[in-house]
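Please look over the sequence and the model before reading on, and keep both in view while you work through the points. The notes go from the overall arrangement to individual residues.

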Amino acid sequence: MPASLANQTVLITGASSGIGAACARQLAPTGARLILAARRAEPLQALTEALQQQHSVEVLPLVLDVRQAEAVSTAIAELPEDWRAIDILINNAGLSRGLDKQYEAPLDDWEAMIDTNIKGLLYVTRTVVPGMVARHHGHVVNVGSIAGRQTYPGGSVYCATKAAVRSLSEGLKLDLLGTPVRVTNIDPGLVETEFSVVRFGGDADLAKGVYQGMTPLTGDDVADVILFAITRPAHVNISDLLVMPTDQSSVFHVHRRAE
Ligand code: NDP
Ligand code: 8X3
């Protein structure tokens, strides 16, 4: 039987769109209390209001750039007192920038991906997990990618950041052994969100082409799996999950129908 999420405080990073927003929508009817973090205030506010109208859910929007170590620790330390005991952390904020060759890519793109996907995830983890250990209760979900398991041309730095997420999940689970705090790593294949629009600097046509002729996952498909992982009984740790579209079997194998 799924464990109840009632009164569990859940921090979702990258909640302003895609997988993070889908997690928020699916968690809203469960009785969980939601802290929705991202850099853009407007979509966070819109989601907060929509969820509050549709469900009797407590939601706290938190404008936060996970790349800023000090801002992360201050933001968590300064949460209203009854929001500070975070039970579930969904480390989902992340991005890719460009598809340039490793020997040609703009350095700024590397900095953005490494600072967000690796260092940002670490800053949030470092801030939140000590409280979980002290309270003998908690669950960390890290969103990696199939790109962390297989490298594709032009993707080497993004892929490396997601391989790092995988190592960090493994390392956190090892370091938490002997505590009841759980760690789940989830690696999705192609998911149609704002991800490719961000990767291609706002070029929506280029982004659309990534999913052309195939049926990608949706943010909701991934949120579904995350909800499964966080509702297992306390003695069950779903450590590692790969979730792929039926139309995709590896980063190199995507079945596309003529349109
Ligand atoms: P989206 O672009 O739709 O969402 C990314 C989220 O991350 C946004 O809410 C964005 O919010 C947030 N974000 C980015 N940078 C920062 C930052 N510095 N501080 C705080 N929040 C930030 O893409 P997805 O939903 O697809 O991506 C979510 C995660 O899933 C990422 O880690 C991605 O790598 C991973 N993933 C995606 C796949 C895909 O095919 N889409 C497949 C496998 C994994 P804002 O801009 O408001 O800060
Ligand atoms: C996102 C999936 O294959 O576009 O992590 O890198 S992929």
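What follows is a short briefing on the sheet, the helices packed with it, the two ligands and a few single residues.

The model described here is predicted. At its centre of interest is an open sheet of 7 strands, which pair in the parallel sense and follow the order 3-2-1-4-5-6-7. Two ligands are also present, and the residues around ligand 1 and those around ligand 2 are taken up below.

**The sheet**

- The edges of the sheet are formed by strand 3 (59-63) and strand 7 (240-243), each of which pairs on one side only, and from one strand to the next the twist averages 15°.
- Strand 1 and strand 2 are joined by 5 bridges and run parallel, and within this pairing T9 stands opposite R33 of strand 2.
- Strand 5 (residues 139-143) and strand 6 (residues 182-188) are likewise parallel and are joined by 5 bridges, with V140 having V183 in strand 6 as its bridge partner.
- Strand 2 is mostly covered, since 6 of its 6 residues are buried.
- In a regular strand, side chains alternate between the two faces of the sheet.
- In strand 2, R33, I35 and A37 point one way while L34, L36 and A38 point the other way, and all of them are buried.

**Helices 1 and 2**

- Helix 1 (residues 18-27) has 8 buried residues out of 10, and therefore it is largely enclosed by the rest of the structure.
- The buried residues of helix 1 are I19, G20, A21, A22, C23, A24, Q26 and L27, and what covers them includes strand 1 (9-13), strand 2, helix 2, strand 4 (88-91) and helix 8 (219-230).
- Helix 2 (residues 41-54) lies across strand 2 (33-38) and strand 3, and it runs at about 180° to strand 3.
- T48 is a residue of helix 2, and its relative accessible area of 2% is under the 20% cut-off, so T48 counts as buried.
- A polar atom of the T48 side chain lies 2.7 Å from the backbone oxygen of L44.
- When neighbours within four places in sequence are left aside, T48 is in contact with L36, V59 and P61.

**A buried loop residue**

- A32 belongs to the loop between helix 1 and strand 2, and it is buried, with a relative accessible area of 2%.
- Although A32 and A6 are 26 residues apart in sequence, their C-alpha atoms are 4.9 Å apart in space.
- Not counting residues up to four places away in sequence, A32 touches L5, A6, N7, Q8, V10, L27, V57 and E58.

**The surroundings of ligand 1**

- Ligand 1 is surrounded by 29 residues, of which the closest are S16, S17, R39, Y158 and T193.
- Oxygen atoms of ligand 1 have polar partners in the protein: a backbone N or O atom of G14 lies 3.1 Å from one, a polar side-chain atom of Y158 lies 2.7 Å from one, and a backbone N or O atom of V191 lies 2.9 Å from one.
- Taken alone, ligand 1 exposes 870 Å², and the protein buries 96% of that area.

**The surroundings of ligand 2**

- The residues around ligand 2 are S145, A147, Y152, Y158, L190 and F195, and Y158 is also listed among the closest residues to ligand 1.
- Side chains supply polar atoms close to oxygen atoms of ligand 2, at 2.5 Å for S145, at 2.5 Å for Y152 and at 2.6 Å for Y158.
- On its own ligand 2 has 240 Å² of accessible area, and the protein covers 87% of it.

**Two residues with positive phi**

- Most residues other than glycine have a negative phi.
- N7, in the segment before strand 1, is not a glycine and yet has a positive phi near 65°.
- N7 has a relative accessible area of 58%, which is over the 50% cut-off, so N7 counts as exposed.
- H136, found in the loop between helix 4 (107-135) and strand 5, is not a glycine either, and its phi is positive at about 55°.
- H136 also counts as exposed, because its relative accessibility is 57% and the cut-off for exposed is over 50%.

Technical notes:
Residues are numbered from 1 along each chain as its sequence is written. Chains are lettered from A and ligands numbered from 1 in the order in which they are written. This is a predicted model: local features need pLDDT of at least 70, side-chain atom pairs count only at pLDDT 80 or more; totals for chains, interfaces and linings use all residues. Side-chain values use heavy atoms; hydrogens and water are left out. Two strands pair if DSSP finds at least two bridges between them. Helices (H or I, at least four residues) and strands (E, at least two) are DSSP runs, numbered from the N terminus. Axes are lines fitted to C-alpha atoms, for helices over the stretch in contact, and angles run from 0 to 180 degrees between N-to-C directions. Contact means heavy atoms within 4.5 Å. A residue is near a molecule or strand if one of its heavy atoms lies within 4 Å of it. A polar contact is a pair of N or O atoms within 3.5 Å; within protein, one must be able to donate a hydrogen and the other to accept it, and residues adjacent in sequence count only if both atoms are side-chain atoms. Accessible areas come from the Shrake-Rupley method with a 1.4 Å probe; for residues, only the protein chains shown count as cover. Buried means under 20% relative accessible area, exposed over 50%, partly exposed in between (1.4 Å probe, protein chains only).
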